Amino acid sequence: MIHIFIGTKAQMIKMGPVMRALQDIELPYRFIHSGQHQETMNDLIENFGVKQPDVLLHEGSDITGILQMLIWSIKTMAKGLLNPTWLWGSVRHENNFVLNHGDTFSTLLGTLLARLHGHKAVHVESGLRSFNYFHPFPEEIIRVLTIRLSHIAYAPGDWAAKNLAGRSCHVINTIENTLLDSTRLHLSAQPKPGLLPDQAYGLASIHRFENIFNKSRLNWIVEKLIYASQKRKILFILHKPTRIKLIEFGLLEKLENCENLELRPRYDHIDFLQLVKASDFVITDGGSNQEECHYMGKPCLIFRAHSERTEGLGKNAVLSRYNDRVIEQFLENPKLYELPSLLDGGSHPSAIIAESLSKMALDHTRTDLKL
């Protein structure tokens, strides 16, 4: 049996097309939702046309703080160990595959639970590395631990696959990230009335721990967004943790008083991609946003010191390393970084994953998948 362990909206966006691909080939799977994120998850499930979760491990508000996540992870692991059927269902299967995605607390939790119950741990979007444990933190540490614990690793390209060389896991190269399939699907929709501004704009989205939990860093980012708004109207999409920290550090009012900067709530993936597509450029600290801009050929300025992704770097994507001059040069003429779209043609990574899982799930004699 295939179990898909998902906890966050970003994971749902990248695993939704995999679930669809499994449904297309009629390969059964169980959907385990850790509950780390719950707001808008139902919208994403509906957008992808996939099944509702078979089990929800946490009900209540989203789990965001590191301490809150650690306590929740320990409690969930203890409950899973004491009651395996709660996680994996009542039917015993001799060939269980547990798919975990990316670099969140849910990723590590799902991988640990899979190993502790003797299942094959599968890591999707594996091999991405920044090679700096503190950028991003704690994501880079989670990736390293997950890779070490996984039996099977789906690497989204040659660079990621090379980073897995020498590991004992079975590596499968999906050529691209499953986000490519999500982007294709969600850009096929039409923008909702009133979604897009009636003037040229840049889009901003900031949410990483290293940016929003550091007061001086977040203040610097606010100043840079205000500077960018002097060049072009800026739509700042506020993640809930970002808004909370802006209020805590007394920075939200500064943004609200900026004439050419508009604060907007977080959108579902379809609406967000429509905003990205219509924008002149994107300012972000998100790896997924970097990839989406790469697929669209959209100029992208990254507010990070390091990135675990290579997509677009040195082409449409500029890694700022928090350097004022780099940021100023990008904002002087973002159009210089515009490239043709990569969305037409190419590989379908979700189908690659579904087809390989189908083959492995039918073969109960594989020995090369054991650590």
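Q: How many of the nine residues of helix H8 are buried?
A: Good place to start! This is a predicted model, and in it eight of the nine residues of helix H8 (residues 179-187) are buried, leaving the helix mostly covered. The buried ones are Leu179, Leu180, Asp181, Ser182, Thr183, Arg184, His186 and Leu187.

Q: Which helices do the buried residues of H8 pack against?
A: To see what covers a helix, look for its neighbours. Here the buried residues of H8 pack against helix H1 (9-24), helix H2 (41-48), helix H13 (269-278), helix H14 (287-296) and helix H16 (349-362).

Q: Let's move to sheets. In what order do the seven strands of the open sheet stand?
A: Strands of a sheet pair through backbone hydrogen bonds, either parallel or antiparallel. In this case the seven strands follow the order S3-S2-S1-S4-S5-S6-S7, and their pairing is parallel.

Q: Which strands are the edge strands of that sheet?
A: An edge strand pairs on one side only, and here that describes strand S3 (55-56) and strand S7 (170-173). Further in, you can follow one pairing by its bridges: strand S5 (residues 120-124) and strand S6 (residues 152-155) run parallel and share three bridges. One partnership to find on screen is Val124 with Tyr154 in S6.

Q: Which strands does helix H5 lie across?
A: Helix H5 (residues 105-116) lies across strand S1 (2-6), strand S4 (97-101) and S5. The direction of H5 makes about 165° with that of S4.

Q: What is the strand order in the open sheet of six strands?
A: Read it as S10-S9-S8-S11-S12-S13, again with parallel pairing. S10 and strand S13 (317-319) are the edge strands, each pairing on one side only. From one strand to the next, the twist averages 20°.

Q: Which helices pack on this sheet or lie across its strands?
A: Helix H10 (residues 215-229) packs on the sheet, where it touches strand S8 (201-205), strand S9 (233-238), S10 and S11. H10 runs at about 145° to S9. H13 also lies across S8, S9, S10 and S11, and its angle to S8 is about 135°.

Q: Are the two faces of S11 covered or uncovered?
A: In a regular strand the side chains alternate between the two faces of the sheet. S11 has both faces covered: Phe281 and Ile283 are buried on one side, and Val282 and Thr284 are buried on the other.

Q: How many bridges does S11 have with S8, and how many with S12?
A: S8 and S11 are joined in the parallel sense by four bridges. Strand S11 (residues 281-284) and strand S12 (residues 300-302) also run parallel, with three bridges between them. Val282 is a handy landmark: it is the bridge partner of Leu203, and it stands opposite Cys300 in S12. Thr284, in turn, has Ile302 of S12 as its bridge partner.

Q: Is Arg264 buried or exposed?
A: Compare its relative accessible area with the cut-off: under 20% counts as buried. Arg264 has 9%, so it is buried. This residue lies in strand S10 (residues 261-265), and its contacts farther away in sequence include Leu195, Pro197, Phe236 and Leu275.

Q: And why is Phe134 called exposed?
A: Exposed means over 50%. Phe134 has a relative accessible area of 58%, so it is exposed. You will find Phe134 in the loop between S5 and H6.

Q: Which residues form the nonpolar patch on the surface?
A: They are Ile66, Leu70, Tyr133, Phe134, Phe137, Ile141 and Leu145, together offering about 620 Å² of accessible area. Helix H3 (66-82) and helix H6 (139-149) are the elements that each give two or more residues to the patch.

Key
Residues numbered from 1 in each chain as written. Predicted model: local features only at pLDDT ≥ 70, side-chain atom pairs only at ≥ 80, totals over all residues. Heavy atoms only, no water. Pairing = 2+ DSSP bridges. Contact = heavy atoms within 4.5 Å. Axes fitted to C-alpha atoms, helices over the stretch in contact; angles between N-to-C directions. Patch = residues over 30% accessible without salt bridge, like charges linked within 9 Å, V, L, I, M, F, W, Y side chains within 5 Å. Areas by Shrake-Rupley, 256 points an atom, 1.4 Å probe, with all protein chains shown as cover. Salt bridge = Lys/Arg side-chain N within 4 Å of Asp/Glu carboxyl O. Buried < 20%, exposed > 50% of the residue type's maximum accessible area, 1.4 Å probe, protein only. Lists of a residue's contacts leave out its neighbours within four places in sequence.
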